[in-house]
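Work through the exercises below with the sequence and the model at hand, and compare each step with the solution.

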Amino acid sequence: MASRMAGAMQVINTSKRTGTPFMVTSAYEYLKEVEVAHLRMKEIGEITGYEARNTGTNILMYGLHGLWFALKIIGLDVERIGCRSTNPAARSIAPLEHRRDGKTFYGTMHQSSFKGIMTSVRAYGANGDVEVTCQDDGRPWYRDQFTYLEMLYAIEKMILTHKSPETNEYVESKMRIFLSMMNSVYENDGDMVEVASLPESWDSGFPLFFITPYPKEVVDKYKRILKK
């Protein structure tokens, strides 16, 4: 959506002013496993912690998928987030601090190469625990058939109804959490970042450690346009 919150808010405020619907999403937010998790988590009571896994090699390209999948299940009440990595293009671990009903609980998101696993969440509660995993079973077209289809339905519904699938507030919150994770790994050596205090003007810039197939002149042009 944007590499800084100031840019994200331009889109959000334009949507509010003009009544134009828009989507900022990961297909993982529409996986059937999200609904399965919501149903099963009713049995575990008050959440005491959770672990999330996400398969990917670059935080900026793939990190938001596992993060937003987890947030869709657990909730957006993240006060602080960090991200520890020696190479954001390889693997990382992100601790998340939630604040709910006056209590604090923690989660972690592990990003690495997990064989056969796209993403997963294991949540712990006062009455037990539950794990939901989205697997890639290796069948041809598996991801196209079972990963993207529900998101495409949501896009079609938005076009037909002229309504955004998520509120502006929800989009703003998940963007702040994601960019705070970027800020932690890029600027703060992995230390926890206060989501509410993320500077609006902080720009993650062109993805660090990102290997692009585009020629240098195209990348330089892109950077000049962003700077303007």
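**Exercise 1: a pair between strands**

E131 and R53 form a salt bridge, with their closest N and O atoms 3.3 Å apart; a salt bridge is a side-chain nitrogen of Lys or Arg within 4 Å of a carboxyl oxygen of Asp or Glu. The model is predicted, so local features need pLDDT of at least 70 and side-chain atom pairs count only at pLDDT 80 or more, while totals for chains, interfaces and linings use all residues. Residues are numbered from 1 along each chain as its sequence is written, and side-chain values use heavy atoms, leaving out hydrogens and water.

Task: Which parts of the sequence does the pair of E131 and R53 tie together?

Solution. Place E131 in strand β7 (residues 128-135) and R53 in strand β1 (residues 47-55); the pair therefore ties together parts that are 78 residues apart in sequence. Strands (E, at least two residues) and helices (H or I, at least four) are DSSP runs, numbered from the N terminus.

**Exercise 2: the span of a helix**

Task: What should helix α6 span at 1.5 Å a residue?

Solution. Multiply 1.5 Å by one less than the number of residues. For the 20 residues of α6 (residues 168-187) this gives 28 Å, and the end C-alpha atoms, 27 Å apart, agree with it.

**Exercise 3: cover**

Task: How many of the residues of α6 are buried?

Solution. Apply the cut-offs: buried is under 20% relative accessible area, exposed over 50%, and partly exposed in between (1.4 Å probe, protein chains only). By this count 15 of the 20 residues of α6 are buried.
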